Structure formats: structure tokens, C-alpha cells
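Please find below my notes on the model, set out as numbered points. They deal with strand pairing, the nonpolar cores and one polar side chain.

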Amino acid sequence: MKLKKWLVSSLRTKLLVMFILLTVIPLIIVGMVSYVKSIHIISQNASTSAQLQASQASQQINVIFEDVQRFTEIGNQESTVQFLLSTDNSYEDAKDILIMFDFYRKIYPHSDNIRDIKIFNLDGRVISESDGVNQLERIPKNDPKFKNLLLREEQSIIIPTTINDTPVISITSSVISEITGEVIGFINILVDATAIEQILNETSLGDTGSFYIESEFGESIFFPTKSKPGRASITNREMIRKTNSGVIMNQSGTTATVFDTVDSTGWKVIGQAPVKEIMSEANEIRTLIVVTVVCSILFTITLYYFISLRMIRPIRHLKEKMKLASDGNLDVKVYNESSDEIADLSNSFNIMISKIKSLLQQSLEEQKQLTNAEFRALQNQINPHFLYNTLDNIIWMAESKKSTEVIEMTTALSRFFRITLSGGKDWITIEDELEHIRSYLVIQKIRYRDILYVSFHINEQILPHKILKLTLQPLIENAIYHGIKNQRGKGLIIIKGDFDLDGNIRIEIIDNGQGIKEERLNEIQEQLDRGLPMRGGNSGIGMYNVQQRIQLFFGKAYGLTVNSRYGGGTIISLTIPAEGESNEKDISFG
């Protein structure tokens with residue numbers, strides 16, 4: 001809870017949190033993405049490098065066997081064929097073959113790895129570099145190990161073996177007659193395997209990893225002299241059997257196995273090493289990224305500290321001044337010599353304080369004006385002449401024993417003053433305000449006998465809306481006394497109430513009186529618009545009071561407008577704000 005309060009109570013803390021969200025977190029994300037991407041690239045490079053090493057080792061071994069395989073060409077020479085087909089020991093043929101051995105050794109670079117070469121026919125007659133011409137103990141055509149060569153199912157038999165504890169590779173190939181197409185003998189080459197072990201010794205994988213060789217049957221046949229890991233624990237051996245090259249990870253992901261195929265023999269050159277050794281560069285990259293991100297975060301936090309300190313100081317000063325202003329001191333001023341947004345805010349604060357002081361003074365003045373206007377409006381309603389004339393009419397009708405009229409007029413007068421007072425309330429419903437002017441008109445109709453006719457056309461939807469009391473009666477009185485009182489003939493007053501197109505309430509007082517001359521009409525409208533008292537005695541005082549009260553409460557957009565044509569009557573329109581739906585209904589009075 002305290003942490004939450006601390007986070008929301010300080011702008012500087014909020015800026016720090018925002019800074020962390022917008023700067024530190026993206027830095028960390030970028031660092032993580034960079035690390036993952038780097039690991040991926042390093043992993044690919046390490047895999048490619050290991051694959052390349054295995055491929056180079058297999059190619060070197062393949063070159064040795066390709067050179068050795070070229071010695072089998074000796075079996076196609078004429079002297080060799082004669083030796084294999086003849087039953088006599090020909091010194092010349094043997095000599096030619098031995099010379100040929102020496103010639104091939106001179107032209108092929110890897111001949112030093114060949115320990116001995118033998119050529120023998122199906123009956124066991126043999127010639128070799130080491131023993132010359134002699135007879136084998138076992139006849140080859142009866143020996144099972146030469147069966148596939150005799151049937152020509154295989155071209156060569158490669159067998160790793162040892163001679164005097166020295167590892168060698170025995171390569172036996174069949175010699176085929178060009179005339180009959182049948183096998184007439186064999187050539188056997190013994191290759192010193194130390195050359196292959198030397199290749200394995202010179203090829204490393206990581207710090208502790210090494211390569212070894214498996215036969216096409218999955219048997220481990222050659223190891224580097226520095227270590228003998230034995231048969232590798234490989235999870236996907238089927239992949240090694242069917243694929244020429246690739247990289248395999250064990251189930252735990254701790255050991256990598258890379259392999260490549262020796263094309264001439266089908267052997268697999270296999271290397272194994274811990275993944276952490278192959279991916280040693282990844283640890284360096286991770287350390288570099290972590291150090292870079294941490295240093296960047298520390299630098300940006302330090303930079304933020306000094307920037308926020310300079311930024312917050314004028315804001316705190318402004319806050320202190322605002323606190324004084326909120327306590328009622330409207331004489332405060334904020335001085336800021338910079339030209340940034342905070343200086344603009346300080347200047348705006350000074351302007352706001354100045355306007356608040358001005359508005360307070362204006363509000364006090366308007367309140368006084370409103371009080372005076374209400375007082376004048378109330379005073380205008382309780383006009384001694386109106387009251388005197390009404391009471392005089394009541395006495396006259398009583399003396400004339402017109403009891404019905406007396407009751408009607410007394411009741412109307414009672415309702416008139418009850419709504420006028422309204423229990424001290426300033427706002428009443430439009431329905432009550434209309435009831436108020438009905439009471440007033442009852443009294444006036446009795447006074448003016450049959451020369452006054454009144455008609456109401458009111459949308460019932462406006463009746464529940466509020467209106468300032470004593471708003472309509474001064475307008476009705478103005479229509480009677482200044483509109484139809486002095487005209488000849490019957491006077492007509494129409495009172496309309498409805499919503500206008502903007503959703504405001506519009507009430508119109510229409511009379512068929514003598515109207516207003518254009519010059520006087522313009523003067524009245526100008527005085528209403530400017531809020532000036534009417535000139536010319538008591539004429540228009542009621543309209544002025546209504547206009548002043550409406551605009552004090554609702555603003556300059558609302559109030560009275562006067563339209564008139566001299567000799568053609570007058571329309572006084574009152575507009576006040578309201579909301580509602582329309583449902584027109586005419587109500588006639590009189």
C-alpha cells in the first residue's frame with residue numbers, strides 16, 4: 001500500500017516508472033533478442049565449422065584410398081594377366097610386375113602408406129613386394145572370404161586388421177579378364193593405418209572433442225591415439241546410416257555429434273564434443289551483451305536523474321504557488337525566466353489567477369444586479385395601482401351584488417400572489433408560470449370586460465421544465481398596456497409555447513395592438529441586447545428585468561427578441577434552454 005502511494009504521489013516517480021517502461025525494458029528486450037539471435041548464428045557457424053572439419057578429414061582419407069585404388073590398375077597390365085593365367089614361373093613376368101610396383105610408388109604421393117602389394121591367381125600362385133613369387137597356403141577360389149569377389153557382387157574388400165600389433169588396412173580387389181569377363185585373380189594392398197590415425201589426431205573438435213571412424217556396419221575401427229572414446233552414444237543412428245553428413249544432438253543437449261562419409265570406403269568419420277565447448281563464443285557474447293545493457297541502463301538512469309531534477313524544480317515551485325492560490329491567496333505570481341512549456345504553464349497560471357479575481361468581482365456585481373432585478377420584478381408585480389384597481393373592482397362588484405364575479409376575481413388574485421411568492425423559490429415549472437398568468441388574465445379580463453381575448457397554444461412536453469418565476473407576467477402586462485389598451489376594437493393576445501429546431505424552449509407573446517414604430521423597435525432591441533435599462537419612463541421596464549435575469553442565468557445566447565410592425569401588432573419571443581419531445585396541443589382561454 002505504501003509503495004502504491006509512493007508511486008502515485010510524485011511526478012518524478014511516475015516519470016521514472018515511465019522511463020523504465022519506455023527505456024529500460026526495451027533495452028533488456030533488445031539485449032535478449034540480440035543474445036538469442038547471436039546464439040542462433042553462433043550455433044549455425046559452430047555446426048558448419050564442425051561439419052567442415054569432418055568433411056576435411058573424410059576427404060583426406062578419401063584421397064589416400066583413391067591413390068591406393070590406382071594401384072589396382074596393375075592387375076590390368078599384360079604381364080600381370082600372363083602371370084595370373086600361366087602355370088609356369090616366369091621370371092620375366094615377375095620382374096615386370098615388380099618394376100611396375102616400383103613405378104606406381106614413384107608417381108603417387110600416398111604410396112608411402114602402402115606396406116605391401118600382392119597379386120595372386122585363383123590357385124594361390126602369388127607375387128608380392130616383400131616375398132616375391134610363392135604359393136598361398138589356402139587356395140583363393142575355395143576361400144569363403146573371396147566368394148563375393150568371385151561372384152562379382154563386390155569390387156573390393158576392405159578389412160582393417162593388424163600385423164605385428166601395427167594397424168593396417170587390407171584392400172583386396174578382383175582382376176577380371178577383358179576377354180572372358182571372368183575373375184582370374186586378385187590384387188591385395190596393405191595400407192599403413194597410422195596415416196589415418198594421424199589425420200584423426202590432427203582434427204580436433206572443441207577442447208576435448210575428437211573424431212573416430214566407423215565402418216559401414218557401425219563398428220568403431222579407428223581412433224586418434226590421444227583418446228579412445230569407444231563407440232559413441234548416438235540417439236539417431238538411423239540418420240548416420242542413411243545420410244552422408246550431418247549434426248546430431250543427444251537427448252539432454254549436452255553433446256554434439258558430427259559425421260561425414262568417406263566416399264571410397266563408405267566409412268563414417270564421426271566427431272563428438274561437449275556443446276559448451278563448441279558454443280564457447282556464446283558465453284562471451286552473453287557477457288558482452290549483459291555488460292552493455294547494464295552500462296546503458298546505469299547511464300540512462302543517471303542522465304534521467306539530472307534531467308528530472310532540472311525539470312521538476314520549476315514544477316514544484318508552481319505547485320507551491322497553486323497551493324497558496326487554493327488557500328485563497330489570489331495575489332500569488334509565478335516567475336519563470338525560461339521559455340519552455342513550464343514557463344508557458346506558469347504564465348497561463350498567472351493569467352488564470354488574474355481572470356479568477358476579475359470573474360469573482362464580476363460575479364459579485366452580477367449577483368447584486370440579479371438581486372436588484374428580482375426585487376424590481378417583484379416590486380413591479382405588486383404594483384400598488386394594480387392592487388388598488390383590482391380591490392376597487394371587487395368592491396364595485398360586491399356593491400352590485402355580483403357575487404360570482406367577486407369570488408372569481410378574489411380567487412384569481414389569491415392564486416396570483418401565491419404563485420408570485422412561491423415559498424421563496426426562484427424556479428417554478430412552466431405549468432405553474434402559465435397558471436400564474438392565467439390568474440393575472442382573469443383579473444384583467446374582468447377589468448377590461450369583453451375587449452380582451454386570450455388564446456393559449458402550448459406543447460404539453462414543455463410544461464414540466466423549469467423557468468424563472470415572474471418571467472411571463474411582465475411580458476403579458478406589456479402587451480396589454482402598450483399593445484391593445486388604447487386601440488379601438490377587440491384586443492387579442494396569443495401565447496404559444498414549443499421547442500425550436502435547436503431543442504430550446506420558445507414562448508411567444510403575440511398581440512394585435514398598434515405595434516411599434518421601426519425606430520423605436522430598433523432602440524428597444526438594442527437596449528435589450530446590450531442589457532441597458534429602457535428609456536422613456538416605465539415603458540419596457542418589465543422586459544428589461546426579464547432579459548437581465550434570463551441572460552444572467554443562461555448567458556447571452558438566450559433571452560428576448562421583439563418583432564413588430566406599426567399598425568400590425570407585436571411578437572415578443574422568449575428563448576430558454578430545455579430538452580424534450582414534441583406533442584402539440586392547443587389550449588384556449590377566454
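1. Two strands are taken as paired if DSSP finds at least two bridges between them. The model is predicted, and the strand pairs below are read from it on that basis. Strand β4 (residues 156-163) and β5 run antiparallel to each other and share eight bridges. One of the residues involved is Ile158, whose bridge partner in β5 is Ile171.

2. The connection between β4 and β5 is a hairpin with two residues between the strands. Asn164 lies in that turn and has a positive phi of about 55°.

3. On β5 there is a further pairing, with strand β6 (residues 183-192), again in the antiparallel sense and over nine bridges. Here Val175 has Gly185 of β6 as its bridge partner. This hairpin has six residues between β5 and β6, and Gly181 in the turn shows a positive phi of about 75°.

4. How much of strand β5 is buried? Eight of the eleven residues in β5 (residues 166-176) are buried, so the strand is largely enclosed by the rest of the structure.

5. The largest nonpolar core has 43 residues, and those with the most contacts inside it are Ile169, Ile213, Phe222 and Trp267. Helix α2 (residues 11-70) supplies the largest share of this core, seven residues. A second core, separate from this one, has 42 residues, among them Ile458, Ile467, Ile505 and Ile509. As background, nonpolar side chains tend to be buried together in soluble globular proteins.

6. Ile169 deserves a separate entry. Beyond its neighbours within four places in sequence, Ile169 is in contact with residues including Phe65, Ile158, Ile159 and Pro160. Its contacts also include Ile189, Leu190, Val191, Phe222 and Trp267.

7. The remaining point concerns Asn121, a residue of strand β1 (residues 114-121). Is Asn121 buried or exposed? Its relative accessible area is 5%, and because the cut-off for buried is under 20%, Asn121 counts as buried.

8. What does the side chain of Asn121 reach at 3.3 Å? The backbone oxygen of Leu84 is found at that distance, and the side chain of Asn121 also reaches the backbone nitrogen of Asp123, at 3.1 Å. Leaving aside neighbours within four places in sequence, Asn121 is in contact with Phe83, Leu84, Ser86, Pro140, Ile184 and Gly185. Leu84 thus appears both in the contact list of Asn121 and as the residue whose backbone oxygen the side chain of Asn121 reaches. Gly185, also in that contact list, is the bridge partner of Val175.

Notes
Residues are numbered from 1 along each chain as its sequence is written. This is a predicted model: local features need pLDDT of at least 70, side-chain atom pairs count only at pLDDT 80 or more; totals for chains, interfaces and linings use all residues. Side-chain values use heavy atoms; hydrogens and water are left out. Helices (H or I, at least four residues) and strands (E, at least two) are DSSP runs, numbered from the N terminus. Buried means under 20% relative accessible area, exposed over 50%, partly exposed in between (1.4 Å probe, protein chains only). A polar contact is a pair of N or O atoms within 3.5 Å; within protein, one must be able to donate a hydrogen and the other to accept it, and residues adjacent in sequence count only if both atoms are side-chain atoms. Contact means heavy atoms within 4.5 Å. A nonpolar core is a set of buried Ala, Val, Leu, Ile, Met, Phe, Trp, Tyr and Cys residues joined through side-chain atoms within 4.5 Å.
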